[in-house]
Amino acid sequence: MILVTGATGLVGTHLLVSLIKEKSKVRALYRTETKKEQAKRVFTSYFLEDGKDVFESIDWVKADLNDIPAMTEAFESVTHVYHCAAKISFNPAKYMELRKTNIEGTATVVNLCLVNKVEKLCYVSSIATLGESLSDAYIDENTEWNPEVPNSVYAITKYGAEMEVWRGVHEGLKAVIVNPGIIIGPGFFDGGSGVLFKRIYNGMNFYTTGTTGYVDIQDVVSIMSRLMQGNCQNERFVLVGENLSFKKAFGMMATALNKPLPVKKATPFLMKMAYYTQRIGAILFRTKQSINKSSIRSAFLKRHYENSKIKKELIYSFKPIEKSIEETANYFLEQI
């Protein structure tokens, strides 16, 4: 039995599709019926007429990562675990929520893997946990985390989660960690990279000058599956198909959505002004704050990631990001 946590998120849902196509016996964890229904729409798009029946054939279990009795029951007869569940936020006010899900929740998963003698764990981390290059060199699996820079609360808690996985490894657990870049894939436009498609469709004129890594969702789930089926253990891998500037990535999205290209360059000063405006609104009127200091910093950093380790391990070729963006944009346009 394979257990998938976070089964109603972008990675979890597409992973379920892959596992079902492989005829695997799967148990999937979810937290809300709304998320489950959203995942079903994406899932059924892969299976056409019998999609709903296939979706319901999965052993669905409603459980919070920190609900020990429910999680203990969910681990019954489980041999392999894909830990995809995580809370994503860059708002410092959400730190304790992030910590509870990302660090404490991962500790629960690791402990239950050890208790139940699970054969292998695959943990979905992020390039956010990797350090920064001091000389514009490419960032890889050996670039160490730097606690001295102003890391986002999301990065801090994902790094803490990785430490829980390595703690499990020292206690005898076999595990692999994947560190994806910004994941491009269809079906979830209220979070992650999906928000960018929605914003650009609604009209986004500005771009920032930063650079980061991108990867297609199918590459992520394919690599995860192959790593779990192979002999590789106690290693981590950067999953980045291409390094792109935000200007170029946003331009690809705008073109795919038949929308005007973002042509105005945002400056750090302009972003800081927007941050303080939102901050005042959040304090006085409790409005939502989408810009914070760590996101401003990330918007202007030029980070380039090296993917040679996974390419060598699996003899793997990544999908072109432009094609990923086109497919995701087409799905988005079909849904509106």
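**Entry 1: S77**

I began by writing down the cut-offs: a residue counts as buried when its relative accessible area is under 20%, as exposed when that area is over 50%, and as partly exposed in between. I also noted for myself that the model I am looking at is a predicted one. With the cut-offs in hand I looked up S77, which counts as exposed because its relative accessibility is 55% and the cut-off for exposed is over 50%. I found S77 in the loop that runs between helix 4 (68–74) and strand 4 (80–83). When I checked its backbone, I saw that phi of S77 is near 70°, which is a positive value in a residue other than glycine.

**Entry 2: I315 and N258**

I then turned to I315, where phi is near 50°, again a positive value in a residue other than glycine. I located I315 in the loop between helix 12 (308–314) and helix 13. Is I315 buried or exposed? I noted that I315 has a relative accessibility of 73% and therefore counts as exposed. I added N258 to this page, since N258 follows helix 9 and has a positive phi, near 60°.

**Entry 3: T106 and T108 in helix 5**

I looked up T106 next and found it in helix 5, which covers residues 95–115. T106 has a relative accessibility of 0%, so I recorded it as buried. Which residue does the side chain of T106 meet in a polar contact? I traced this contact to the side chain of H83, at 3.0 Å. When I set aside residues up to four places away in sequence, I could list H83, T101, Y123, A161, E164 and V165 as the residues that T106 touches.

I stayed in helix 5 for T108, and I wrote it down as buried because its relative accessibility is 9%. Not counting residues up to four places away in sequence, T108 touches L65, N66, I68 and M71.

**Entry 4: T8**

I moved on to T8, which I found in the loop between strand 1 (2–5) and helix 1 (10–21). Although T8 sits in a loop, I recorded it as buried, given its relative accessibility of 9%. Which residues is T8 in contact with, leaving aside its neighbours within four places in sequence? I listed T13, L29, Y30, K35, K36, A39, W60 and F188. I also compared T8 with Y201: the two are 193 residues apart in sequence, and their C-alpha atoms are 24 Å apart in space.

**Entry 5: D140**

I placed D140 in the loop between strand 5 (120–124) and helix 6 (153–170). D140 has a relative accessible area of 23%, and I therefore entered it as partly exposed, since that class lies between the buried cut-off of 20% and the exposed cut-off of 50%. I saw that a polar atom of the D140 side chain lies 2.9 Å from the backbone nitrogen of N142. Beyond its neighbours within four places in sequence, D140 is in contact with L130, V238 and E306. I checked P268 as well, which is 128 residues from D140 in sequence and 27 Å away in space, C-alpha to C-alpha.

**Entry 6: helices 8 and 9**

I followed helix 8 from residue 217 to residue 229 and noted that its 13 residues reach 19 Å from the first C-alpha to the last, close to the 18 Å expected at 1.5 Å a residue. At the start of helix 8, I found a side-chain oxygen of D216 that reaches to within 2.7 Å of the backbone nitrogen of Q218. I wrote down the buried residues of helix 8 as I217, D219, V220, V221, I223, M224, S225, L227 and M228.

How many of the 11 residues of helix 9 (246–256) are buried? I noted 8, and helix 9 is thus mostly covered. The buried residues I entered for helix 9 are F246, A249, F250, G251, M252, M253, A254 and A256.

**Entry 7: the second largest pocket**

I finished with the second largest pocket, whose volume is about 180 Å³. I found its lining made up of Q38, R41, V42, G187, F189, D190, K198, Y331, F332, Q335 and I336. Which elements give two or more residues to this lining? I identified them as helix 2 (33–44) and helix 13 (321–335). I sorted the lining residues by type and obtained 5 nonpolar, 3 polar and 3 charged.

Terms used
Residues numbered from 1 in each chain as written. Predicted model: local features only at pLDDT ≥ 70, side-chain atom pairs only at ≥ 80, totals over all residues. Heavy atoms only, no water. Helix = DSSP H or I, 4+ residues; strand = E, 2+ residues; numbered from the N terminus. Buried < 20%, exposed > 50% of the residue type's maximum accessible area, 1.4 Å probe, protein only. Polar contact = N/O pair within 3.5 Å; in protein donor to acceptor, adjacent residues only side chain to side chain. Contact = heavy atoms within 4.5 Å. Expected span 1.5 Å × (residues − 1). 1 Å grid on protein atoms, 1.4 Å probe; cavity = no way out; pocket = protein on both sides within 12 Å on 5 of 7 lines; lining within 4 Å. Points joined across faces, edges and corners; volume = space filled by probe spheres on them. Nonpolar A, V, L, I, M, F, W, Y, C, P; charged D, E, K, R; others polar.
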